Amino acid sequence: ILTVIAGRTLGPEAFGQYNSLLSFATALSIFFLLGNEVSSVRYLADKQYENKREEIFTTTITIVLFQSALFSLLYYIFFDFIKVKFALSSDLLLAAIIFSFLLAIKSLFDGFLRAFHLIKKQSFIRIIDALLALFSFLFFYYFLNKTEYYFYIIAVSLGLLSFSALSLYLLFGNIKKFSFEAMKLLFRYNKYLIIGT
């Protein structure tokens, strides 16, 4: 519903700019995750590793946050190079890195909720995510008269942020300690995912 409304209200140029940013951010989110969203679910859902679920969960979050910090640093170092090569504005590049991080974190927690068999709660959180994004966009557009595409990005980002925050709240009890053994386990499966991505 939000996509249809945004497409009609923003017009082809602004909506096209949003889709351009979405494509770029989706590609960047791969570097934040590097297959951890898949490998963690593979082990979390396996009964063989049931006694190590908290370690796998905590280690995955730690690895993704570390990768995100490292990639963001590289992105900052090569910011001007990327700006020239992709012919994108500084504002759009900054929005892309934040948006891609939020997309990556949502994808990660989406997998966690499935692995911990919280399907009903996951559906409820998705509804909250969608409604918050929809009402935020309507508020920006109809009440504040903001027609620029980046207000659509802000609206969607608020939904992504709410999904991640609520997921973390539900799963917070599973945070225990970082484990190098769990990290080795994840990377053993991850090497194929990294090549694939």
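## Exercises on loops, helices and aromatic rings

Asn145 lies in the loop between α6 and α7, where helices are DSSP runs of H or I with at least four residues, numbered from the N terminus. The model is predicted, so that local features need pLDDT of at least 70 and side-chain atom pairs count only at pLDDT 80 or more, whereas totals for chains, interfaces and linings use all residues. Residues are numbered from 1 along each chain as its sequence is written, and side-chain values use heavy atoms, with hydrogens and water left out.

**Exercise 1.** Determine how confidence is distributed over the protein, and name the helices with the lowest and the highest values.

*Solution.* Start from the overall figure: the mean pLDDT of the protein is 89, and 100% of its residues reach 70 or more, on a scale of predictor's confidence in each residue from 0 to 100. Then turn to the helices, where the lowest mean, 82, belongs to helix α8 (residues 180-196), while α6 has the highest, at 94.

**Exercise 2.** Describe the backbone angle phi of Asn145 and of Leu34, and state where each residue sits and how accessible it is.

*Solution.* Begin with Asn145, whose phi is near 55 degrees, a positive value in a residue other than glycine. Asn145 is exposed because its relative accessible area is 58%; the classes are buried under 20%, exposed over 50% and partly exposed in between, with a 1.4 Å probe and protein chains only. Continue with Leu34, likewise a residue other than glycine with a positive phi, here near 45 degrees. Leu34 is placed in the loop between α1 (2-33) and α2 (36-44), and its relative accessibility of 24% is why Leu34 counts as partly exposed.

**Exercise 3.** Classify the ring pair formed by Phe137 and Tyr141, and explain its separation along the helix.

*Solution.* The structure holds 23 aromatic pairs. In the pair of Phe137 and Tyr141, the ring centres are 6.0 Å apart and the planes are at 15 degrees, so this pair is stacked; rings of Phe, Tyr and Trp (its six-membered ring) pair if their centres lie within 6.5 Å, and planes under 30 degrees apart count as stacked, over 60 as edge-to-face and the rest as tilted. Next consider sequence: because Phe137 and Tyr141 are four residues apart in helix α6, about one helical turn separates them. Finally, Phe137 counts as buried at 2% relative accessibility, and Tyr141 counts as buried at 18%.

A second pair, Phe140 with Phe151, is tilted, with 5.3 Å from centre to centre and 55 degrees between the planes. Since Phe140 lies in helix α6 and Phe151 in helix α7, the pair ties together parts that are 11 residues apart in sequence. To extend the picture, note that Phe15, Tyr18, Phe99, Phe137, Tyr141, Tyr142 and Tyr152 form one aromatic cluster.

**Exercise 4.** Compile the surroundings of Phe151 and of Asp129, with residues up to four places away in sequence left out.

*Solution.* Phe151 is found in helix α7 (residues 149-171) and is buried because its relative accessibility is 15%. Phe151 touches Phe140 and Lys146, contact being heavy atoms within 4.5 Å. From C-alpha to C-alpha, Phe151 and Phe137 are 7.0 Å apart in space, although 14 residues apart in sequence. Asp129, by turn, is found in helix α6 (residues 119-143), and its relative accessible area of 8% is why Asp129 is buried. The residues that Asp129 touches are Lys106, Gly159, Leu160, Ser162 and Phe163.

Methods
Helix = DSSP H or I, 4+ residues; strand = E, 2+ residues; numbered from the N terminus.
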